[in-house]
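I opened the model today to look up a few points about helix packing and burial. My notes are below, in the order I checked things.

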Amino acid sequence: MPVSLEEILKISHLARLHVDPEEAGQYAADLSSILAWVQQMNKVDTRGVDPMAHPLDACQRLREDKVTESDQREKFQAIAPRTENGLYLVPKVIE
Amino acid sequence: MVMEELSVQQLADGLDSGQFSSVELVRHFLHRMQAHRHLNAFISELHDRAVMQAGHADRQIRERKHGPLTGVPLAHKDIFCMSGERTSCGSKMLDNFIAPYHATVVQKLEQAGCVVLGKTNMDEFAMGSSSENSYYGPVRNPWNAECVPGGSSGGSAAAVAARLVPLATGTDTGGSIRQPAAFCGVTGLKPTYGRISRYGMVAYASSLDQAGPFGKSAQDCAYLLQAMAGFDEKDSTSVDAPVPAYLAELNRPLQGKVVGIPDEYFSTGLGSEVRTIIARAIDWAEEQGCIIKDISLPNTELAIPAYYVIATAECSSNLSRYDGVRFGHRCEDPKDLHDLYHRSRSEGFGTEVKRRIMIGTYALSTGYYDAYYLKAQQVRRLISADFNAAFQDVDFILGPTAPETAFRIGEKTDDPVTMYLSDIYTISINLAGLPAISIPCGIHEGLPVGMQLIGNYFAEDKLLNFAHQYQLATDWHQQCPPGFQQKRQGC
C-alpha cells in the first residue's frame, strides 16, 4: 500500500518535522518501499500470540517514594537555548 | 615493547610494576589518535582531561590504591553522557550539548580508574549500519579507508582496530557493536538486555538498546565488561542479578559443549568466502570436543521487518524530547511555537533519523497501530520463542556476524532496505534480548570476517570463555591493519 503525499504531510505534522513539498515525494517513496517490505510479517499467523514489549518480560520495579534529586536548575538551564529568570523561553503562544 | 599491542592484562602489569606510567601510556595513545585523524574515528579528543586523569591514576598506583583498570586508556562512544563534555550522539541536534551529568557506564569506568581519551564517532543517534550517517562525517575502516567500519559504533571499532585506544565502549540496538567489530577485526560483545545500565546513554530504541565492550580480545572485553556490568537503580530496566567474575571463567574447557548451527544463517545472501571462513571456525569447535548440532530459527527473516517497526516506533517516541526548548539545536527566529518545533527538529536531525521518526510515527498512528506495531511485537515473541526452543538443546549458537565483509563508503546509502539487510544475523538477538559476541575469525581480500556466538540469557561468561579459547588457538584477533603498526623500537 503506497503512502500518499497527504499522509506524509499528516505524519510529518505528528512528528513535528518540516517537510518541503519536494521532499514529500521522496519520503512517500521511501516509506512506501520500507512498509511494503515490512508487510512480510503478514506471512506468519500471530493470532493468539502475546505481544512482547520487553525482552525479559520484566515488571516495572517500584522504589520508595522519596526525593532523590537535588535542585540543579541553573546547571540544566546553562545548556538551554533561551531562558529568563529560571524559565525556558518560547515564542508567544497566547495573543 | 609496542604499547598499542599490549593486552589489558599486560597494560595493568606494566602500570603496576612501574614499567611505564599512565601519563606515558596516555600520551602514546593520544599521539596515535592525532596521527590517524583521517579515520575520523573521534568526535571529541579529550587531551588535557586525559593527561590530568592519568596523573591521578599514577598517584593511585603509587599509593597502591589501584585496580586492574587504573590508568588504562579507553574511549567512549559519543552516546554516553559525560559531565562537562559535549555528548553529540553524532547529531547536529546535540552538537552544542554539554552533558550535565555522567552516564552510569562513564561513572563506573571512572571509578575503575580508566582514562578517557575521547568520544568516538557514530551513526547519528545510533541509527545506521555504516557510521556514514554522522553529522561529523563518515568513519573510515582502518583495513581499507574506502570502506565503512560498520555501525553504528563504527568509531569505537575503528579506534580499537587501529590501536588508537586499547578499549572502547559501544552500544548495540540491532548489531551496532557486533557488526562493526566484525568489519574492523576486533572483539565486541553485546550483553543481555539489562546487564549494563542504560542511564545516561542517549536513547534510540529503549527495549533494544544495550551497552557493551570493544577490545582486541575476549580477555580485554572481560576486563571492560566486569567494570561496566551490574544493577543500577537509576535504570528501571537494569537487572538485579549478581555479576560473575568473567576473567575466572575464561579458561574452562569447551569439551562437550553443544554448538547449534542455524540453517537460516547460512542460506542465500551469505557470501561464499564468509561461509568458508565460518565453516573453519565450526571445525575448530568440533576439534575442541564440542558437539555440533544443526538447528533452525524459522522466523529469522522476519526479524528485520519486526525490528524496523519496533525500533522506529520507539525512536519516534524517544526523539520527541528534542524540541529546541530545553537543550540541543534551536532554529533562528522562530515565528511561533509550531515553527520552533518543526524547524529546530528538521534542521537538527539528519536524513536517516528523520526517515525513522517518520516510519515510527506512521506505525504508531491511528489505524495502523495493530497492523504494524502490535504485529511486530507478536513476531518478536515468535523470534524469542525460536531461541528459547534452541537453547533447550544447545549451549551456543554460532554463525556469521554479517553476510559479507565491510562494504564501500556510499555503496548502500541510496537504498535504506539494502542497508538494513546488513544486520540480518544480529537483529534477532536484540529482539530476544540475548547476549552475543563477534570474534575475528578470518580475513578475505584484506578485510576481516567475524563470527557471531550467541548465548542464553546472562551467559556472557560462557561467550567470553569460548572466544578466549578460540583466541588462544588462533591469531586473527592479533592482526593489525596495515599502516597502523609502529616500527619495532622502544616506546
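These entries cover a predicted model, and they go from the first helix of each chain to one residue between the chains and then to the core.

**Entry 1, first helix of chain A.** I looked up which residues of helix α1 of chain A, residues 5-14, are buried, and found A:Ile8, A:Ile11 and A:Ser12. Viewed down the axis of α1(A), these fall within an arc of 100°, so they line one face of the helix. That fits the general rule that an α-helix has 3.6 residues a turn, so residues three or four places apart point the same way. I then checked what covers the buried residues of α1(A); the list includes α2 (21-38) of chain A, and also α10 and α11 of chain B. After α1(A) comes A:Arg16, with a positive phi near 55°.

**Entry 2, first helix of chain B.** I repeated the check on helix α1 of chain B, residues 8-16, where B:Val8, B:Leu11, B:Ala12, B:Gly14 and B:Leu15 are buried. Their arc about the axis of α1(B) is within 165°, so they too line one face of their helix. I noted α2 (22-35), α3 (47-62), β4 (167-172) and α7 (218-228) of chain B as the elements they pack against. B:Gly18, just after α1(B), has a positive phi of about 80°.

**Entry 3, B:His342.** Is B:His342 buried or exposed? I read a relative accessible area of 7%, which is below the 20% cut-off, so B:His342 counts as buried. The residue sits in helix α10 of chain B, residues 337-348. Setting aside residues up to four places away in sequence, I found B:His342 touching A:Ser12, A:His13, A:Arg16, A:Leu17 and A:His18.

**Entry 4, the core.** I turned to the largest nonpolar core, which has 179 residues; B:Phe125, B:Phe387, B:Leu464 and B:Phe466 touch the most other members. Helix α9 of chain B, residues 303-318, gives the most to this core, with ten residues. I listed contacts of B:Leu464 beyond four places in sequence, among them B:Leu189, B:Cys221, B:Tyr246 and B:Ile437.

**Entry 5, α9 against α11 in chain B.** I checked how α9(B) meets helix α11 of chain B, residues 351-364: their axes come within 7 Å and cross at roughly 100°. That angle lies between 65 and 115 degrees, so the two helices are roughly perpendicular to each other. Residues making the contact include B:Tyr308 and B:Thr312 of α9(B), and B:Arg356 and B:Ile357 of α11(B). By class, I noted eight nonpolar, four polar and one charged residues in this contact.

Definitions and conventions. Residues numbered from 1 in each chain as written. Chains lettered and ligands numbered in written order. Predicted model: local features only at pLDDT ≥ 70, side-chain atom pairs only at ≥ 80, totals over all residues. Heavy atoms only, no water. Helix = DSSP H or I, 4+ residues; strand = E, 2+ residues; numbered from the N terminus. Buried < 20%, exposed > 50% of the residue type's maximum accessible area, 1.4 Å probe, protein only. Contact = heavy atoms within 4.5 Å. Core = buried A, V, L, I, M, F, W, Y, C linked by side-chain atoms within 4.5 Å. Axes fitted to C-alpha atoms, helices over the stretch in contact; angles between N-to-C directions. Parallel < 35°, antiparallel > 145°, perpendicular 65-115°, else oblique. Nonpolar A, V, L, I, M, F, W, Y, C, P; charged D, E, K, R; others polar. Arc of directions from axis to C-beta.
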